[in-house]
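Student: I would like a close look at a single part of this model, set out as one connected account, beginning with the part itself and then widening to whatever surrounds that part.

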Amino acid sequence: MKKSVFFGALAATTLVAGLAGAATLDDVKARGELLCGSNTGLTGFGAPDASGNWAGFDVDLCRAVAAAVLGDANKVKFVPTTGETRFTALQSGEVDLLVRNSTWTSSRDSELALDFVAVNYYDGQGFMVKKDLGVSSAKELDGATVCIQTGTTTELNLADFFKQNNISYQPVTVSDDSEAQRQYLAGACDAYTTDASGLAASRATMPDAENHVILPEIISKEPLGPVVRHGDNNWGDVVRWTYYALLIAEEKGVTSANVEEVLASTTDEEVKRLLGASGDMGAKFGLDNDAFKRSIAAVGNYGEIFSRNIGEGTTINLARGLNALWTQGGLQYAPPFR
Amino acid sequence: MTMATDAPKDGFRLSMLVYDTRYRSYTIQIVVLVLFALAVAWLLNNTVQNLAARGKEFNFGFLWQRAGYDIGQQLIPYNNDDNHFRALLIGLLNTIVVAIFGCIFATILGVIIGVLRLSKNWLVSRLMTIYVEMFRNVPLLLWILLSYVILSEVTPQPRDFRVTDEMVAAGEEPAASMMLFDTVAVTNRGTNIPSALFERGLGKLDLGFVSLNLDFWAILAVLAASVFINLRIIRSARATQEATGVRPVTWWKSILVLFVPVIALIVAMGFHLDIPTLQGFNFQGGILVAHSFTALLIALTLYTAAFIAEIVRAGIQAISRGQSEAAFALGLRPNRTMNLIILPQALRVIIPPLISQYLNLTKNTSLGIAVSYLDLRGTLGGITLNQTGRELECMLLMMLIYLSISLMISAVMNMYNNSVQLKAR
């Protein structure tokens, strides 16, 4: 008798905990802070600067979500995660949202019970070698020692690539970017492989960046994007549409600088809906009506975020390429905001 | 007895469970047991509920899926088409090989240092004290990282070995050269040592699960037979000595029996060395002993040897001075006194704590992850866990395996301990 009461209570508690866990949006609002899973430090994408403020391409998306949900882009706590710990951190509720160069794959979507809500960077895996190695193609890497970060899709792609080309390699499996970079610079491996954007970011921090070359082969598709827990669709929608709002803003020419002017003068109905001047689109997500306007004002549109953190002219120096808007021949395309 | 028979027979009251000393201990034990069972049930229930809430089920089916990743050091053949279970086995073998070598080297080094620490030579004993204090008071992880960094930073890159035509024309020497008659190359990635090849080898016996290298097993069988025959020779020599007082000369028989058959077999199979040569980026051929393995082994050996040295010193000091004094009185020299009188007795004190050092060493191999050594922790608990997302299953399986290894080491060492213990008379 006692026992069944005990287990009943237990089941009820677990159920309540489960329900509470499902409504991430309410949790974030109640907490007044967004917990965002970030990189341990990848320049340009997510890394703390000298004074400890997080900055980067992925970091700005977290800030945009915080601005939309909480009204303040600084109400974010960045939780550094490694390739190994990131999904566990998200599943266990340690973070509300993971924006950390994570590749969208079917098994992560299904088996790991995660939801990738968008692709904020279309990437592919590449190789970096020292210039004096005299290698101009990844297919010349037969017998090479390759440094690779564990817990990522890259180690599987690497194995597939070498097998398909019928060449051999010696893997050196390291746990994070900085260790991979140290080993690569020390000459413990001939080539370093990760997402091409990551290679560019790594190279930017090297003292002799001009002596390293990124090989032309891109051996995989790496759509990187924000991840939320499976089963909380409303929260997924909030993150997805915050991201799309940034894309639409770029498409419509709305920037952090001119957002107020545009709001006052625009005749475009979609921009009005986006900025909360007409309709109740924000409320449908459980947010304020001007939630997305706050995001754009805080971090700028997608193009601004890109060029500020990783675009041409920065140390990372990446071209828009696949990440240009669809109107400019890229893949970045937002569904209509209505 | 009279107390018991005089006990009131007016039945059992519930309050007796608490106030009667005959029942109280049972009551407490049962209550604690129930609470413990409830705690375990709560934990299990919690786990099951949480797994269910996340849409995960508890099963080990992932072990039979394709692994898809490569492993640098493999003692049995493996490629990325094999399943996760095979990758687990590779990792397990890597764990075991470093643990076995570590235990052997640490024991040898530890015994030497422990004995030398008791040396009457002031300098030697102080040096050994410094060694012990230095190694056991710094975390093992730091020693592993230090040996790895030293190995990979001070050794030349493979391309430093390269000799180009221009260099030959200019009469220049390459920046680095191979050692031991050009058979061993130490690069900043690992040590390339020659491997044995057989022209007329016996091939491999494929058992489906593992394929046995018949050359290796044939040599092992011949060696075992030789050692066995050698033991018979020594035993018969001892019997002759006890019967007649004269020990027959056996050393040439031993050499004959121990070496000739193996050499004959090796020559018959067409033995030659596969010497590593620089091709492309790395040395090809031979065996590559990666620095991650060497660094881990060196650090584990040096660190554990410091503890073993202390155990050995304690064991020796536990033997009363009268033993060595008696031996000296009989005219035994100090080193024979140590080998024949002190160490055999000290072993009884040494072995039990030595077991826990072996267990520590074995478990400490999991720190190899810091230098990218793919042992059990690196394969099952690292890449497999990450690629499949089965944290609970992988961790439980890994704990179970480490537990089994430790229990096996304990069992073997306890058997040895029983064999050297004083027999009760």
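Tutor: The place to begin is strand β8 (residues 125-130) of chain A, which is joined by five bridges to strand β11 (residues 191-195) of chain A, the two running antiparallel. Within this pairing, A:Phe127 stands opposite A:Thr193 in β11(A). Please keep in mind throughout that this is a predicted model, which applies to every value that follows.

The pair belongs to an open sheet in chain A, in which five strands follow the order β10-β9-β11-β8-β12 with mixed pairing. At the edges of that sheet are β10 and β12 (212-214) of chain A, each of which pairs on one side only. Taken on average and with direction ignored, neighbouring strands of the sheet are turned by 30° against each other. The sheet also carries a helix, since α6(A) packs on the sheet and touches β8, β9, β10 and β11 of chain A, with a direction that makes about 155° with that of β9(A).

Strand β9(A) deserves a closer reading. Six bridges join β9(A) to β10(A), and here the two strands run parallel, whereas β8 and β11 of chain A run antiparallel. One point of register in the parallel pair is A:Gln149, which stands opposite A:Val174 in β10(A). As a rule, the side chains of a regular strand alternate between the two faces of the sheet. In β9(A), A:Ala144, A:Val146 and A:Ile148 point one way, while A:Thr145, A:Cys147 and A:Gln149 point the other way, and all are buried. Because six of the six residues of β9(A) are buried, this strand is largely enclosed by the rest of the structure; the criterion behind that word is that 20 or more other C-beta atoms lie within 10 Å of the residue's own.

Widening the view, the domain assignment of chain A gives domain 1 (2-122 + 224-256 + 293-328) and domain 2 (125-220). The C-alpha centres of these two domains of chain A lie 28 Å apart, and their contact takes 18 residues from domain 1 and 16 residues from domain 2. On the side of domain 1 of chain A that touches domain 2, the residues divide into six nonpolar, 11 polar and one charged.

Chain A has 14 helices and 14 strands in total. Its radius of gyration is 22 Å, close to the 20 Å that the globule rule gives for 338 residues, so chain A is as compact as a globular protein of that length. Its C-alpha trace spans about 70 × 60 × 40 Å along the principal axes, and buried residues make up 50% of the 338 residues. Among contacts in chain A between residues at least 6 apart in sequence, 73% join residues at least 24 apart.

Elements of the sheet also take part in the contact with the other chain, where 30 residues of chain A are in contact with 32 residues of chain B. On the chain A side, the elements that give two or more residues are α1 (2-22), α4 (86-91), β9 (144-149), α6 (154-164) and β10 (169-174). The largest share of that side, five residues, comes from β10(A), which is also an edge strand of the sheet. By class, the side of chain A that touches chain B has 12 nonpolar, 12 polar and six charged residues.

Chain B, the partner in this contact, has 14 helices and nine strands. A compact globule of 425 residues would have a radius of gyration near 22 Å, but chain B has 30 Å, and its C-alpha atoms fill a box of roughly 110 × 75 × 50 Å along the principal axes. Buried residues make up 28% of the 425 residues in chain B. Of the contacts in chain B with a separation of 6 or more, residues 24 or more positions apart account for 65%. Chain B is divided into domain 1 (84-149 + 291-420) and domain 2 (197-272), and the C-alpha centres of these domains of chain B lie 30 Å apart.

Methods: Residues numbered from 1 in each chain as written. Chains lettered and ligands numbered in written order. Predicted model: local features only at pLDDT ≥ 70, side-chain atom pairs only at ≥ 80, totals over all residues. Domains from an automatic or database assignment. Contact = placed C-beta atoms within 7 Å. Nonpolar A, V, L, I, M, F, W, Y, C, P; charged D, E, K, R; others polar. Helix = DSSP H or I, 4+ residues; strand = E, 2+ residues; numbered from the N terminus. Rg over C-alpha atoms; globule rule 2.2 N^0.38 Å. Buried ≥ 20, exposed ≤ 12 C-beta atoms within 10 Å, placed from the backbone. Pairing = 2+ DSSP bridges. Axes fitted to C-alpha atoms, helices over the stretch in contact; angles between N-to-C directions.
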